[in-house]
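Open the model in your viewer and show the side chains as sticks. This tour moves through a few charged pairs, one selection at a time.

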Amino acid sequence: MDMTCNAQALINISRKRLCNCASPETREAWKLVKEGVREIDPVLADKMVPECLYRGFCPEWMSCCGYCNTKKYQEDLIKYRSTKYDDN
């Protein structure tokens, strides 16, 4: 696949493609894109998250996967909202 997009488009696509409601194949493919972005821009890759992390709640109220009710979600939400980055 070949595509051209800007940083905002990568974030927007990630919100849908990294959601647990997306197909496993779609999530795996987009995770590979995210890791490719990480090699160039780690901060942008950290902001490429599913919709529930972006919003702070799951908007899929009829088919919520339950991730937003886990401890891992709370940890990931804190990391996502963090603005502290170091060179390590």
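Start by selecting lysine 72, which is partly exposed, with a relative accessible area of 47%. Keep in mind throughout that this is a predicted model.

Now add aspartate 76 to the selection. Its relative accessible area is 18%, and aspartate 76 counts as buried because the cut-off for that class is under 20%. The two residues form a salt bridge, with the closest N and O atoms 2.9 Å apart. Both sit in helix H5 (residues 71-81), 4 residues apart, which is about one turn of the helix.

Next, select Arg15, Lys16, Glu51 and Arg55 together: salt bridges with shared partners join these residues into one network. Within this group, look at arginine 15 and glutamate 51. How far apart are the closest N and O atoms of this salt bridge? The distance is 3.0 Å. Arginine 15 belongs to helix H1 (residues 7-17) and glutamate 51 to helix H4 (residues 51-55), so the pair ties together parts that are 36 residues apart in sequence. Are these two residues buried or exposed? Both arginine 15 and glutamate 51 are buried.

For the last stop, select arginine 38 and aspartate 46. These residues form a salt bridge, and their closest N and O atoms lie 2.9 Å apart. Arginine 38 is partly exposed, at a relative accessible area of 27%.

To see how many salt bridges there are, display them across the whole model: the structure holds 7. Among them are the pairs of arginine 15 with glutamate 51, aspartate 46 with arginine 38, and aspartate 76 with lysine 72.

Methods
Residues numbered from 1 in each chain as written. Predicted model: local features only at pLDDT ≥ 70, side-chain atom pairs only at ≥ 80, totals over all residues. Heavy atoms only, no water. Salt bridge = Lys/Arg side-chain N within 4 Å of Asp/Glu carboxyl O. Helix = DSSP H or I, 4+ residues; strand = E, 2+ residues; numbered from the N terminus. Buried < 20%, exposed > 50% of the residue type's maximum accessible area, 1.4 Å probe, protein only.
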